[in-house]
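Here's a quick look at how some helices pack, plus a word on the cysteines. Have a look at the model first.

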Amino acid sequence: MVGVNVFSGVILAELNHSDFPLRFARLSPYFAPPLTLCALVLMSFPSQWQDWAPWSDVLVRWFWRIAPVNAEMMRFWPTLGAQLLTFTIVMSPHLRRILSHQSLLWLGKISFPLYLLHGSFMRSVLAWLLFSWQQLTEIEEEGQKYMRYPLPGKAVFVVVMPVFFVILFAATHFWANRVEPYFGLITKMAESIMCGKTERSSTLPVRKD
């Protein structure tokens, strides 16, 4: 699916800097919601146990009707959904205005630090918040005995999860504003060393819709 994403990205980039989407701006409130919903459903296609839900089982059967033998199904529907969502955003000025809200822009700004940090924070901070006050207990399953922490109750999750998300988002905000700029400087220095100092314009044409 790599080649499909590359060529689709090139086509969408060219489409974004053309006037073609302006012709459909008035129709945006009608086609953007169903296309967005369809794209999100496709992007939710599970990587395994697809037969557990009727909607994903239908997509499995559709895939094998159109795909060649030994094709890879796991990434097909999420890839198609991502391309459809990007196409809808490019074609819909109303959807772009919604996504330009300050809170969503902030989420976009911290998305990469969130991707980097969430796993470590779940295995450290979240695990400590959920299990630090519990004792290891002996569990027997399928004739085997082993030690583990018992799962907390629902009330514990209701209290702990908001605290964890506050800590996680505060850390990602700090990373995006205090740590990431230093990596940008290092990247710029490495680029100047490898490629030399060259002046180039970073301005791209902006559509007026």
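Is C195 buried or exposed? C195 is exposed, at 56% relative accessible area, where exposed means over 50%, buried under 20% and partly exposed in between (1.4 Å probe, protein chains only). C38 counts as partly exposed because its relative accessibility is 38%. As for disulfides (cysteine sulfur pairs within 2.5 Å), the structure holds 0.

A bit of housekeeping: this is a predicted model, with local features needing pLDDT of at least 70 and side-chain atom pairs counting only at pLDDT 80 or more, while totals for chains, interfaces and linings use all residues. Numbering runs from 1 along each chain as its sequence is written, and side-chain values use heavy atoms, without hydrogens and water.

Now the two helix pairs:

| Pair | Axis distance | Crossing angle |
|---|---|---|
| Helix 2 (residues 28-43) and helix 4 (residues 76-91) | within 7 Å | roughly 155° |
| Helix 6 (residues 102-131) and helix 7 (residues 154-195) | 7 Å | about 135° |

Helix 2 and helix 4 are therefore roughly antiparallel (angles over 145 degrees). Their crossing is left-handed, meaning the near helix is turned anticlockwise from the far one by less than a right angle, with clockwise for right-handed. C38 is among the helix 2 residues in this contact, as are F31 and L35, while helix 4 brings residues including W77 and P78; contact means heavy atoms within 4.5 Å. By class, that's 15 nonpolar, 3 polar and no charged residues.

Helix 6 is oblique to helix 7 (outside under 35, 65 to 115 and over 145 degrees), and their crossing is right-handed. Their contact has 26 nonpolar, 4 polar and 2 charged residues.

Definitions and conventions: Axes fitted to C-alpha atoms, helices over the stretch in contact; angles between N-to-C directions. Helix = DSSP H or I, 4+ residues; strand = E, 2+ residues; numbered from the N terminus. Nonpolar A, V, L, I, M, F, W, Y, C, P; charged D, E, K, R; others polar.
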